[in-house]
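Student: I would like a close look at a single part of this chain, taken slowly and in connected prose. Could you start from one residue, work outwards to its surroundings, and then set the part within the whole?

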Amino acid sequence: MKRVHIDAQLAADTLAAVGIATHILNAHAAGAVGDLPFLHAQPELWIDDEAQAERARAILASLRDVPVSGEKSCPRCGEVNPGHFLSCWHCGGGLRDY
Ligand SMILES: [Zn+2]
């Protein structure tokens, strides 16, 4: 089994870290499944600036390739972080080059 969808909040946080503003729609609509069609109750991540959409897609696509083990060093402060971290726990810097 393999999870292929990315948590909307994780995606929003990742994009915020690189300066792309987003809004999550339907963040709390899961409780309405049954009253709403399933697909209408899924969280949706919207990019505020359409010009950033292609960059956002590339960044989110790269999330699927993040290793879940090992360690990586922060390029900003040098702190060692767990391999699945997207931003440095110490300074908040991004751990991948986009
Ligand atoms: Zn750091």
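Tutor: Let us begin with A17, which is partly exposed because 17 other C-beta atoms lie within 10 Å, a count in between the 20 or more that would make a residue buried and the 12 or fewer that would make it exposed. The model is a predicted one, and every value given here is computed from it. A17 has its place in helix 1, and once its neighbours within four places in sequence are left aside, A17 is in contact with S87 and G94. The C-alpha atom of A17 is also separated by 7.8 Å from that of G93, although the two residues are 76 apart along the chain.

The helix that holds A17 spans residues 8-17, and T14 lies in it as well. In contrast to the partly exposed A17, T14 is buried, because 24 other C-beta atoms lie within 10 Å of its own and 20 or more are enough for that class. Beyond its neighbours within four places in sequence, T14 is in contact with I59, L63 and L86. Its C-alpha atom is 8.6 Å from that of G94, a residue 80 places away along the chain; G94 is also one of the contacts of A17.

Two of the contacts of T14, namely I59 and L63, lead to helix 2, which is made of residues 53-63. Two packed helices are described by the angle between their axes and the distance between the axes. Here the axes of helix 1 and helix 2 come within 10 Å and cross at roughly 120 degrees, and the two helices are therefore oblique to each other, since the range for roughly perpendicular ends at 115 degrees and that for roughly antiparallel begins over 145. The crossing in which helix 1 passes helix 2 is right-handed. On the side of helix 1 the meeting residues are A11, T14 and L15, and on the side of helix 2 they are A56, I59, L60 and L63. By class, the residues of this contact comprise six nonpolar, one polar and no charged.

Some of these residues return in the largest nonpolar core, whose five residues are A12, L15, L45, A56 and I59. Helix 1 and helix 2 are the elements that give two or more residues to this core. In soluble globular proteins, nonpolar side chains tend to be buried together.

Following the chain onwards from helix 1, one reaches the loop between that helix and strand 1 (22-25), where G19 lies. G19 is exposed, because 9 other C-beta atoms lie within 10 Å and the class takes in counts of 12 or fewer. Its C-alpha atom is 9.6 Å from that of Q52, which is 33 residues away in sequence.

Elsewhere, N81 is found in strand 4, residues 80-82, and with 18 C-beta neighbours inside 10 Å it counts as partly exposed. Apart from neighbours within four places in sequence, the contacts of N81 are E71, K72, C74, C88, W89 and L95, and the C-alpha atoms of N81 and E71, 10 residues apart in sequence, are 5.5 Å apart in space.

To set the part within the whole, the chain has two helices and four strands, which run α-β-β-α-β-β from the N terminus on. Of its 98 residues, 8% count as buried, and T14 is buried. Among contacts between residues at least 6 apart in sequence, 30% join residues at least 24 apart.

Key. Residues numbered from 1 in each chain as written. Predicted model: local features only at pLDDT ≥ 70, side-chain atom pairs only at ≥ 80, totals over all residues. Contact = placed C-beta atoms within 7 Å. Axes fitted to C-alpha atoms, helices over the stretch in contact; angles between N-to-C directions. Parallel < 35°, antiparallel > 145°, perpendicular 65-115°, else oblique. Left-handed = near helix turned anticlockwise from the far one by under 90°. Nonpolar A, V, L, I, M, F, W, Y, C, P; charged D, E, K, R; others polar. Core = buried A, V, L, I, M, F, W, Y, C linked by C-beta atoms within 7 Å.
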